[in-house]
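Colleague: Could we take a close look at the aromatic rings in this structure, and at how they pair with one another? I would like one connected account rather than a list.

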Amino acid sequence: EYHHAAKIVKPKLEALAIAEGQMDLANKALAAAEARLEACQAKLDELQKLFDDQMAEKRRIEDGAASLQRKMNQASALISGLSGEQARWTEDANNFADEKRRLVGDCAVTCAFVSYCGPFNQEFRSYLINDKFVVDCQERKVPVTKGIDVIEFLVDIGTIGDWNMEGLPTDPLSIQNGILVTRSERFPLLVDPQGQALSWLKTREEPHMPPFGVTALNHPKLRDQLEFGMGNGNAMIVVGVESEIDPMLDPLLEKEIEKKGKKRFITLADKKMDYDPTFRCFFITRLPNPTFSPELQAKTTVIDFAVTQKGLEEQLLGRVISKEQSALEDRLNQVLEEVNANTKALLALDDSLLKRLTSNEGDLLEDEELIGVLANTKEKAAEVKQKLSSAAETRTNINEKREQFRPVACRGAVLYFAIVEMSNVNVMYQTSLAQFMEIFMDSMDKAEKAQLVNKRVDNIINTFTYMAYRYINRGLYEADKLTFVLLVTMKILVTAGMLSRDDIGLLLKGGASLDPNNVRRKPFLWISNEAWLNVNQLAQSQRFFLNLPNDMAANESMWKHWYEDNEPESQPIPDYEGRIVENEEIGPFYRLLVVRMLRMDRCQLSAKEFIRKTPQMGPRFVEPVTDKIEDIYDGMIATVPVIFLLSTGADPTEAIEQLCRKKKLPPADVISMGEGQEPVAKRAMQAASQNGTWVLLQNCELGIDLMVEMEDFLAHLYENVDPGFRLFITALPSNEFPLGLLQMSTKVTNDPPTGLQAGLLRSYTVMVDQDRLERVETAQWRQLLFALCFMHSVVQERRNYGSLGWCIPYEYNNGDLSACILFLERHLYSGPISWSTFQYMVSEVQYGGKITDNLDRFLFKTYTQVWLCSSTCEEGFTYNPAEPIFRIAGDYQYIVPTFEQITDYRNYCSSLPEIDSPEIFGMHPNADLTRRNKDVQALFNTLAETQPKGGGGG
């Protein structure tokens, strides 16, 4: 069994030993292999680590390169985006230090402008800024910008565009006023005679105004309105300011604000009211030259908002284009809106970019949002600039077409300022800009159409000039009518550059400023000392007459003959006639200058000739015109009163009552103003406005209290008025008469015209018509009717000669003539005429009832005995003296015509000489010299009142 076991085990043991040996060898080989593996792994790990390090370095380098490339791209984008601003910003950077140095002085000048320049006109503001404020800074060694533009310094172009779109005129003065209104710390007090500031503010502040809108200083609930406005932070517009503001408002004007916690209060009239810091208040006066106290001026910022000629011209040009070529004006307005919006967008983009650049605290190249904003900004800026360029081109094309109509606007502005200047002559001569605009627009409807623009422009100018003249002329006293036309003519020539203001000053003053001891000695005895001084002044001031003294010395006989002629204005001027005739444009003015310097007594007649011969005017501006009450009525509407400006012997009451009867209307309600009549007048106007009847308020200068209330009273009355309502007012000139009522009314004068021609034309227009001419079917009736009218004109004309005409100036009027005509008519109906009765009734009763002086009574009696007698109706009768001392102008024969048609009489009256000889009135020719000297002196004095006043006060 052992043997058998051994045989089995022993081979296995031997195999085990062999396997163990083999295993030992294999383990040794394994250990060696593992040792080699470890060595290789270590090497591999070392190489892997080196590889990873190199790859990480590679990635770092690649990331750095990418980042650098990105920064390069961003830097390129930034440089490219800002390249458009490079030149401007570079220049700004270079100038910044200098601007910063001058900033103190510039701020001082603009602060002084805002504080002190409001009440003054454009010229004086420029004088204060450039000659006072800037010079004062320079003298104090304060750096300041020379020729600083306060508009550019204080406001940007976008804001100006907004103001213009809101209705602020585009001229520099208006822009300055806009700055003063918006930048002033004190409440503005606006001098706004034309209502432009009110219109602008109502548009600008519309979203912020209280529900009750514009209020007045005399409104009974003003305190409550202020309480509401202050508590809600509204913008309040207070109109109706005159010379002062209620002291109740002093705490508001002086901003006596009390603070309690977060709330603010102001005490008005012993009542504490809430005050919102956003509250704004604007006070407006319509007076053109208000007299504010220094205290009021210190509490408010007074701003002169009176329209300027340039500003009005632009407004009128817009009106012309909107009427004549509305599509063009609409397109311009659209372009202006686009330009304004794009300009503001460009400014906003520029401001946004600068803000991002200056507020960035890190690396600009790291701010990717900034780069995006810059790219967007550049794209938008390029688009906006393209639009602005296109708009500028469109605007240029439109303006070229608009400029064709500028002469119309220029003439309109000239006429308006001539009208405004007439208010310096008489306070009653007030015309609102709204009334003027109505005439301006109406003239374009009435002007003759034309295919050619230039012809159409001429038609509008001629039509408008005459319409404006007629409208204003009917509201001027006779003594001021020539003044107005002469003023308009000279302003037209000055605006056209044909005359200068020095030429106008020369005409008005002559040689009054010359010292007789410092001029060339007078070489002739026949010329007056005053005339010789005038001649020297003319030679010194006007190059055209540079050699006038020498020419007069060389040609003494002809100059003496011209100087001593009875009508030198109609005679050729020695040595200068040819040159004056050649110069069609201002030759008539040169002729007027010579007559004024040498024969001042004939200057008024020469002035008419100057107007007649000036191409821009013409004969119709000096021809006598008469406005009938029917013509005035035809131009009336229910909402526009007519004010008759009274004068000696002129009362329209009878004419108004006759017209009322002719229209078959109920009698007009006539109320003579005086104490206690205000309630009666108000009741009458209220009743008439409902019934469509007429009211005549007489002598309203005695009811000033009611007149002050009339504007508001009529505004409420017109809310529900019958179209047939008419309001007539008569008044003597009064400085207390309210401006608002004058500006909303049509003014008419009724004083006798000057000259026989005008007087007879008036009689045969107002007093005599075809019906009256046919009342009695005899030639004697028509002859005596003319004789009465002729005598009436003569006795009226004699008043112009002062005490030489009548010892006492009587108030002869149309009522006297009407009574005489009525007596003659009834007397002829009753049978043959009794000459003594007729003469007595005229000289002792109708006219004579007013005569108190015995010499005047004797004179009038003589007139009736010579002119109202049987010989008046005989053929060959003439009013000319048998042997005139001087030749009657044109050897004209003043006769008594016997026509049957009223038009023939009017034509005959128009043919009478323009210049009346005193001998026709029974006076010596020398009386004319005295009268002419007085008239021309009054003319020049009145013209001087319309001229700008000198003086250091501005």
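Modeller: What follows is a description of the aromatic pairs, of one cluster and of two charges placed over rings.

The model is predicted, and a search of the whole structure finds 51 aromatic pairs. One of them joins Tyr764 and Tyr905, whose ring centres are 5.1 Å apart and whose planes meet at 10°, an angle under the 30 degrees that counts as stacked. Because Tyr764 belongs to helix α29 (residues 756–767) and Tyr905 to helix α35 (residues 902–910), this pair ties together parts that are 141 residues apart in sequence. Tyr764 and Tyr905 are both buried.

Another pair is formed by Phe790 and Trp867, with ring centres 5.6 Å apart; since their planes stand at 80°, the pair is edge-to-face. Here too distant parts of the chain are linked, with Phe790 in helix α31 (residues 779–798) and Trp867 in helix α34 (residues 854–867), 77 residues apart. Phe790 has a relative accessible area of 1% and is therefore buried, and Trp867, at 7% relative accessibility, counts as buried as well.

These four residues belong to one aromatic cluster, which also includes Phe786, Tyr863, Phe877, Tyr879, Tyr892, Tyr894, Phe899 and Tyr908.

Charged side chains also meet aromatic rings in this model: the charged end of Arg579 sits over the ring of Phe544, 4.3 Å from the ring centre, while that of Arg798 sits over the ring of Trp806, at 5.8 Å from its centre.

Notes: Residues numbered from 1 in each chain as written. Predicted model: local features only at pLDDT ≥ 70, side-chain atom pairs only at ≥ 80, totals over all residues. Heavy atoms only, no water. Phe/Tyr/Trp six-rings, centres within 6.5 Å; stacked < 30°, edge-to-face > 60°. Helix = DSSP H or I, 4+ residues; strand = E, 2+ residues; numbered from the N terminus. Buried < 20%, exposed > 50% of the residue type's maximum accessible area, 1.4 Å probe, protein only. Lys NZ or Arg CZ within 6 Å of the ring centre and 35° of its normal.
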